[in-house]
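The following exercises practise the reading of a protein structure, from a single residue up to sheets and cores. Each task is followed by a solution in steps.

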Amino acid sequence: MRRVIGIETEYGVLATSGTAFSADALEPEKAARILFRHRPKGYRNDNMFLRNGGRLYLDIGAHPEFASAECSTVAELIANDQSSIILLQDMADAAATDFASMEPSRQLHLFRNNVDSVGNTFGCHENYLISRHTDDERLTSVLGSFLVTRLMLTGAGVVHAGVADGNATQDDPDMAQDISDSLGLTWGYSSRQPFMKATSSWDPTKDRSLINTRDEPHADKNDYRRLHVICGDSNMSVFQTALKFGLTAGVLDVIDSDIDCCELELTDPIAAMAIVNYDAHAPLQLRYGGTASAIDIMRGFIERIRLLGEVSVMGSATAAFLDQAEFILDTVDKGETHLLSGLLDWAIKKELTTQALKRFQERCGERISAEVACAHAQRIDLAYHDICRKSGLVDALRAQDIVKDLQVLSQMPGMDDALDWSLEKAPSTTRAAIRSRFVEACLEKNADHAVTWTTMRLDAPPKTPVDVMDPFTIQDDAAERLIRFVKALSFEEANWIDIHTQPTPS
């Protein structure tokens with residue numbers, strides 16, 4: 001099935017005078033408001049549909065959130081998502097003077113992660129267009145089993161002092177080496193896992209689940225549904241984001257093709273997820289009897305995706321992504337996870353932390369406690385997920401050839417467009433291209449307008465709204481007439497409201 005995909009990423013905001021753990025942090029709401037003072041020119045509020053077709057806004061809890069445009073390939077999705085990071089970096093740079101002029105002077109941090117310092121969680125949500133006629137029971141059982149066993153492929157990593165509450169002890173000798181054994185730290189694949197309480201639910205805030213069932217298709221509801229997956233981690237590794245969406249779309253194609261997955265379905269996905277997060281080798285109870293490890297279940301899913309030949313969102317890179325996934329599984333299976341320390345977030349952070357704690361312990365000249373080690377690990381974790389140019393780690397690690405996600409992605413067939421991170425460019429294969437042209441025309445004319453995922457409206461002078469319900473539409477006559485009308489507006493026509501609502505001089 002040809003499929004539309006999209007990503008929604010919430011960012012943590014912190015402005016402090018010292019480290020990320022300083023006690024004098026500015027209220028997040030105030031810090032976010034200062035940041036959004038430096039939004040792109042032409043916007044009059046904090047809810048912005050951008051030239052790249054996506055949406056940037058302030059979500060509940062003062063979290064900046066970017067929702068990508070509708071994309072039909074992982075290459076388009078990566079380009080769209082990464083362009084939003086550049087925009088947020090530019091806004092943070094522009095706001096730096098505001099924060100520095102405070103008393104005391106402060107520095108802004110923007111975190112692309114999932115848990116703050118007091119234990120609140122925020123999401124990285126995945127959207128997949130599916131048929132209205134998809135079998136709900138099969139979808140929930142098969143996809144739920146996949147989502148909880150993909151953690152070693154898609155997780156951003158988590159570290160605890162001691163053994164994580166209620167979870168299995170690790171048996172991976174490489175994941176447990178040095179730091180976990182000698183300093184009492186436990187490493188997991190996903191920071192989001194502890195917050196998952198159900199396989200599916202309607203309300204993502206009260207009963208966090210793998211799949212959110214709220215029915216908002218942003219398309220013709222007679223034909224489509226929007227599958228909303230809310231259990232994933234926010235990845236810094238661009239390769240991992242691409243792999244996450246490619247494999248998940250592949251499993252949806254497997255479901256649509258009625259390929260048998262009975263031997264991969266779990267009895268209790270949520271209970272299994274808590275085990276998998278710390279032990280990919282542990283036996284998991286299967287729905288129709290017997291047990292299998294997360295590694296073996298994932299191998300089964302990859303085998304079934306290969307039966308399809310090519311998955312539309314991965315295109316000619318399908319085989320390359322599946323080969324990389326199998327390499328990761330084999331590497332985890334052998335306990336050689338240090339070989340993944342340039343590619344996957346959890347492995348990169350573990351290696352960085354291991355080396356940093358070794359150096360710290362050598363300087364101390366004595367064994368450090370698990371609590372001290374964990375505090376250092378968490379500081380490294382925050383710096384890794386900080387997207388700000390001045391304080392973040394990932395761009396520097398890429399420059400030093402430590403993080404190799406872009407290198408791996410660039411070598412895959414058909415992935416060149418994934419590395420074009422222009423904020424001016426919208427996906428060309430979906431209605432996002434139409435929305436982008438409308439937004440650009442309105443911004444150039446400073447014309448009042450309103451946009452949703454399906455509708456475009458010019459407010460001054462008022463015109464009849466245009467609806468584009470098919471997400472695969474790239475040309476629409478009514479939309480093109482509206483765009484031409486906007487481009488032909490004079491300054492007075494486009495700014496009629498502003499001109500006629502100014503106070504009359506006395």
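## Exercise 1: A residue in a strand

N127 lies in strand β7, which spans residues 124–131. The model used throughout is a predicted one.

**Task.** Determine whether N127 is buried or exposed, and state which side chain it joins in a polar contact.

**Solution.**
1. The relative accessibility of N127 is 10%. Residues under 20% count as buried, so N127 is classed as buried.
2. The side chain of N127 makes a polar contact of 2.6 Å with the side chain of H228.
3. Beyond its neighbours within four places in sequence, N127 is in contact with V4, I5, G6, E8, R226, L227, H228 and F245.
4. The strand as a whole can then be considered. Seven of the eight residues of β7 are buried, and β7 is therefore largely enclosed by the rest of the structure.

## Exercise 2: The partners of β7

**Task.** Identify the strands that pair with β7, and give the residues that stand opposite E126.

**Solution.**
1. Strand β1 (residues 5–10) pairs with β7 in the antiparallel sense, over five bridges. Here I7 stands opposite E126.
2. Strand β12 (residues 224–229) also pairs with β7 in the antiparallel sense, over six bridges. In β12, V229 stands opposite E126.
3. Moving on from β12, one finds strand β11 (residues 209–212), joined to β12 by antiparallel pairing over two bridges. I211 stands opposite V229 in this pair.

## Exercise 3: The sheet of eight strands

**Task.** Give the order of the eight strands in the open sheet, and state which strands lie at the edges.

**Solution.**
1. The order is β3-β4-β5-β1-β7-β12-β11-β10, and the pairing is mixed.
2. The edge strands, each pairing on one side only, are β3 (47–49) and β10 (198–201).
3. From one strand to the next, the twist averages 20°.
4. A helix can be added to this picture: α1 (residues 28–36) lies across β3, β4 (55–59) and β5 (63–67), and runs at about 155° to β4.

## Exercise 4: The sheet of three strands

**Task.** Describe the open sheet that contains β16, and name the helices that pack on it.

**Solution.**
1. Three strands form this sheet in the order β15-β16-β17, with antiparallel pairing.
2. The edges are β15 (449–451) and β17 (466–467); each has a single partner strand, so one side of each is left without a neighbour in the sheet.
3. Three bridges connect β15 with strand β16 (residues 455–458), and M456 in β16 is the bridge partner of V451.
4. Helix α14 (residues 432–445) packs on the sheet, where it touches β15 and β16, with a direction at about 160° to that of β15.
5. Helix α15 (residues 477–487) packs on the sheet as well, touching β16 and β17, and its direction makes about 30° with that of β16.

## Exercise 5: A residue in a loop

**Task.** State where P471 lies, and find how many residues separate P471 from L129 in sequence.

**Solution.**
1. P471 is placed in the loop between β17 and α15.
2. With a relative accessibility of 2%, P471 counts as buried.
3. P471 and L129 are 342 residues apart in sequence, yet their C-alpha atoms are 9.2 Å apart in space.
4. Leaving out residues up to four places away in sequence, P471 touches V4, L129, A219, Y224, T430 and R431.

## Exercise 6: A strand covered on both faces

**Task.** Establish which residues of β9 lie on each side of the strand.

**Solution.**
1. In a regular strand, side chains alternate between the two faces of the sheet.
2. In β9 (residues 185–188), L185 and W187 are on one side, while T186 and G188 are on the other.
3. These residues are all buried, and both faces of β9 are covered.
4. Strand β8 (residues 158–161) runs antiparallel to β9 and is joined to it by four bridges; T186 is the bridge partner of H160.

## Exercise 7: The nonpolar cores

**Task.** Name the residues that touch the most other members of the largest nonpolar core, and the helix that gives the most to this core.

**Solution.**
1. The largest nonpolar core has 76 residues, of which L143, M152, F239, F321 and L409 touch the most other members.
2. Helix α6 (residues 238–256) gives the most to this core, namely 11 residues.
3. Another core, of 52 residues, lies apart from it and includes L26, F36, F66 and M102.

Technical notes. Residues are numbered from 1 along each chain as its sequence is written. This is a predicted model: local features need pLDDT of at least 70, side-chain atom pairs count only at pLDDT 80 or more; totals for chains, interfaces and linings use all residues. Side-chain values use heavy atoms; hydrogens and water are left out. A nonpolar core is a set of buried Ala, Val, Leu, Ile, Met, Phe, Trp, Tyr and Cys residues joined through side-chain atoms within 4.5 Å. Buried means under 20% relative accessible area, exposed over 50%, partly exposed in between (1.4 Å probe, protein chains only). A polar contact is a pair of N or O atoms within 3.5 Å; within protein, one must be able to donate a hydrogen and the other to accept it, and residues adjacent in sequence count only if both atoms are side-chain atoms. Contact means heavy atoms within 4.5 Å. Two strands pair if DSSP finds at least two bridges between them. Axes are lines fitted to C-alpha atoms, for helices over the stretch in contact, and angles run from 0 to 180 degrees between N-to-C directions.
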